[in-house]
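Me: Take me through one part of this model up close, then show me how the rest is arranged around it. I'm a first-year student, so please explain the terms as you go.

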Amino acid sequence: MTLENAHLQQPARVVELTGGMGVRSHLNTLGIHVGDTLRVVERAPFKGPVLIEVHGTRVALGRGVARKVTVDHDAVCPGRTA
Amino acid sequence: MRFVLAGQPNSGKSTIFNAVAGYRAATANFPGSSVVYTVSRALILGRETEVVDLPGVYSLTSTDAAEREALSYLLERDADVIINVIDASRLGRSLELTLQLLELGRPMVVALNMHDEATRKGIEIDETALAEKLGVPVVPTIGRRGQGLRTLFREAMRACLTGLRPDPPRYDNEVEKAVADVELAVREGLEGSRVPARFLAIKLLEGDPGVAAGLGTGGVPINGRLERAISDLEKAHGWSSDQVISGSRHAVAHGIEDRVATLGRAHVGWREAADRLLLHPLTGGPLMVIILVGFFYAVFGLGKHLETPLVAAFARLAESLARFVPPGTFAGTVLNGMVMGVSGGVAIVLPYLVPFLIGLAVLEDTGYLPRMAYILDNVMHRMGLHGKSVVPLMLGYGCSVPAVMATRILESPRDRRITTALTVFVPCSARTTVIYAVVGAFLGPLWALAVYVLNLVVIGVLGAVLAGRMKGRAPGLILEIPDLRLPAVGNLAAKTWLSLREFVVIAWPLLIASSAVLGVLEWAHADRLLNVALSPLTVVLLGLPVATGVTLVFGLLRKELTLVMLVQALGTANIAAVLTAAQLVTFTVFVVFYMPCVATIAVMAREVGWKDTAWISAVTVVVAVTLAAATRLLFALTGA
């Protein structure tokens with residue numbers, strides 16, 4: 001699943017980042033890498049952006065960008081929270 | 001001695017800079033509020049130093065304008081000491097930039113800033129351990145309260161005098177092997193250069209397009225070697241080389257964080273509760289409307305209360321002056337013009353400008369602007385842009401000049417061009433005073449609100465049209481949402497003053513001089529020439545009095561002049577006695593849309609080029625004439 005349909009408020013682990021180098025490096029610099037744990041805080045209505053929390057920071061991602069972040073709820077390391 | 005402040009966006013560099021240099025760099029609570037670097041001379045610990053505030057960057061790659069600016073400054077100019085400002089509450093992420101700065105091999109000091117916020121989040125940092133890990137001094141600071149800054153600069157000075165260069169960080173074995181290979185190859189070409197071979201090697205492995213174009217490989221043909229190193233890295237990890245290096249750096253940074261920081265219980269307070277409501281799918285939108293409309297009414301209410309007595313006082317002054325210097329004479333006309341200029345500034349512009357600027361400063365400092373970007377992302381998408389464009393657009397309500405510059409936070413050139421065009425249409429604070437003082441004051445606040453709504457509709461339609469015509473959609477919104485913050489009164493005052501000084505120092509003398517010039521023109525009856533020349537527009541098309549022509553010309557210099565000149569040209573501050581409701585609205589609509597002022601034209605030409613500036617200006621005139629003529633027609637048809 002991607003950030004577009006991940007469960008709200010539940011820790012999830014980033015499995016893959018798709019998209020071009022520009023988007024990937026931008027996500028990297030905001031602390032979103034493959035293997036990082038994050039959680040979806042809120043999703044704006046009408047296909048609006050997705051608000052996530054990662055390493056104590058909140059980041060807003062447009063739907064298009066959110067679709068490029070594949071996550072998995074089951075792959076979260078025990079004891080790790082976003 | 002030159003100190004360079006470098007750090008991630010919103011880490012508090014500009015706040016520290018302002019603390020030593022006086023309020024010069026605009027600060028705000030959103031990432032990317034500084035898009036250019038600011039330099040100031042300051043006396044620090046008795047020595048004259050130059051302090052440079054670089055724009056905030058998340059990393060030292062060259063993928064956006066701010067990063068290119070910071071990177072080229074660090075590579076091309078001599079920084080005696082880099083002061084790396086870190087947001088202590090985001091240690092791991094901030095360290096990723098710190099590691100890259102260490103790669104530059106310059107004397108460096110780390111300011112562990114906002115450590116009060118870290119404490120609030122339950123984060124405890126052992127700064128001695130951190131200093132040991134990084135190999136540079138670490139000083140805890142709270143920039144907003146000036147805490148720790150003395151120690152910080154003392155350490156910076158010591159670092160400068162000893163000239164101690166830190167060791168670059170070490171990454172995982174495969175990365176190190178690739179770096180060593182490429183480093184060996186580029187070393188020769190870099191002799192005598194400030195750029196360390198290791199730094200260039202890493203940039204080349206990352207495939208940084210800006211560095212490759214700017215520095216190349218130092219003039220040494222190493223292409224075979226570089227490609228081999230890259231393909232080895234990619235084979236070993238299964239990801240692209242840029243991801244491998246960024247991942248390795250990420251691991252080192254978070255490894256350090258895990259060692260030096262302990263995470264306790266975060267204090268959950270009003271910020272979290274407020275954010276729940278402000279960003280909630282159901283309440284976020286309505287609250288935004290309430291906040292903005294509330295802002296509008298507060299400014300209007302306050303301004304009106306201040307304006308009325310001030311205007312009356314100046315009218316009495318003009319009357320008593322007229323007794324000493326008869327109005328018909330040359331001296332009388334000029335003097336009267338100057339009094340009008342002063343009173344226009346004090347009595348009409350300032351009452352609305354001051355509360356407006358304070359309100360905007362509050363919106364900026366609390367961190368509400370990026371939240372608006374989140375809420376409006378959707379709407380902006382319908383238009384073919386994305387939420388980040390909201391930030392420059394909102395700043396446009398203050399002044400078009402910084403707003404046009406703020407479009408640099410947008411990644412794609414297409415979005416920058418469109419957003420620049422739209423920011424010019426946003427009524428700046430000067431045009432806001434026209435809306436408030438002409439339409440609001442005489443016809444009521446609802447009419448003024450209607451002008452704003454009309455303006456928003458025009459911006460929406462124009463945005464959609466432009467976005468539909470220009471290719472190259474941006475990937476979408478990626479924006480950090482900073483924590484909400486209570487604005488500090490001192491900072492609000494300093495910020496309001498920074499904008500207000502612009503009015504007092506530049507606009508006001510211009511107002512008074514222009515008023516005197518208009519006085520002379522009137523005395524010589526030369527204003528008629530201008531008015532007659534413009535009468536096809538003003539009288540025939542828009543149905544305004546012939547005297548308004550000259551006010552529109554002065555408005556090109558500064559938009560505030562339109563209002564003051566109108567008062568003078570009509571000979572009374574009680575404009576409604578001379579103009580009908582239709583004329584008040586038509587005039588305001590025209591002023592809100594037509595031609596950017598000279599300062600805006602200059603900054604647009606610099607940012608997007610003369611060609612774009614020319615067509616944007618042409619569009620403003622077409623829109624202004626069309627809408628103002630339509631307003632007149634509408635009033636005529638409805639018989640209002």
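Reply:
**Starting inside one helix**

B:Val186 sits in helix α7 of chain B, which covers residues 173–187 (helices are DSSP runs of H or I with at least four residues, strands are runs of E with at least two, and both are numbered from the N terminus). This is a predicted model, in which local features need pLDDT of at least 70 and side-chain atom pairs count only at 80 or more, while totals for chains, interfaces and linings use all residues. Residues are numbered from 1 along each chain as its sequence is written, while chains are lettered from A and ligands numbered from 1 in the order in which they are written.

So is B:Val186 buried or exposed? It counts as buried, because it has 26 C-beta neighbours inside 10 Å (20 or more make a residue buried, 12 or fewer exposed, anything in between partly exposed, with C-beta atoms placed from the backbone). Now look for B:Ala201: it comes 15 residues away from B:Val186 along the chain, yet the two C-alpha atoms are separated by 7.2 Å.

For the bigger picture of what's inside, turn to the largest nonpolar core, which has 199 residues (a core is a set of buried Ala, Val, Leu, Ile, Met, Phe, Trp, Tyr and Cys joined through C-beta atoms within 7 Å). Its members that touch the most others are A:Leu61, B:Leu5, B:Ile83, B:Val109, B:Ala111, B:Val182 and B:Leu205. As for which element gives this core its largest share, that's helix α14 of chain B, residues 330–366, with 13 residues.

Next, find the sheet in chain B. It's an open one of six strands, ordered β2-β3-β1-β4-β5-β7, and its pairing is mixed (two strands pair if DSSP finds at least two bridges between them). β2(B), at 38–44, and β7(B), at 138–140, stand at the edges with a single partner strand each, so one side of each has no neighbour in the sheet. From one strand to the next, the twist averages 25° (axes are lines fitted to C-alpha atoms, for helices over the stretch in contact, and angles between N-to-C directions run from 0 to 180 degrees). Zoom in on the β2(B) end: this strand runs antiparallel to β3(B), residues 47–53, and seven bridges join the two. There, B:Ile44 faces B:Arg47 of β3(B).

Two helices also meet these strands. Helix α3(B), residues 91–102, packs on the sheet and touches β1(B) at 2–7, β4(B) at 81–87 and β5(B) at 108–113 (a contact means C-beta atoms, placed from the backbone, within 7 Å). Its direction makes about 165° with that of β4(B). Helix α6(B), residues 149–162, lies across β1, β2, β4, β5 and β7 of chain B, and it runs at about 165° to β5(B).

Now move over to chain A, where you'll find a sheet that takes in strands from both chains. It's open too, with six strands in the order β5(A)-β1(A)-β2(A)-β3(A)-β4(A)-β9(B), and its pairing is antiparallel. The strands at its edges are β5(A), residues 69–72, and β9(B), each pairing on one side only. If you ignore direction, neighbouring strands here are turned by 40° against each other on average. Helix α15(B), residues 368–383, packs on this sheet by touching β3(A), β4(A) and β9(B), and its direction makes about 135° with that of β9(B). Within chain A, β1(A) and β2(A), residues 37–43, pair antiparallel over three bridges, and A:Pro11 has A:Arg39 of β2(A) as its bridge partner.

Where do the chains join in this sheet? β4(A) pairs antiparallel with β9(B), residues 478–481, through four bridges; A:Ala60 has B:Leu479 as its bridge partner. The whole contact between the chains takes 31 residues from chain A and 29 from chain B. On the chain A side, α1 (21–29), β4 (57–61) and α2 (63–66) each supply at least two residues, and α1(A) gives the largest share with nine.

Finally, compare two exposed spots with the buried B:Val186. A:Gln9, in the segment before β1(A), counts as exposed because it has 11 C-beta neighbours inside 10 Å. Its phi is near 65°, a positive value in a residue that isn't glycine. B:His525, in the loop between α21(B) at 489–523 and α22(B) at 527–541, is exposed as well, with 8 such neighbours. Its phi, near 60°, is also positive without the residue being glycine. As for the model as a whole, it scores ipTM 0.90 and pTM 0.83.
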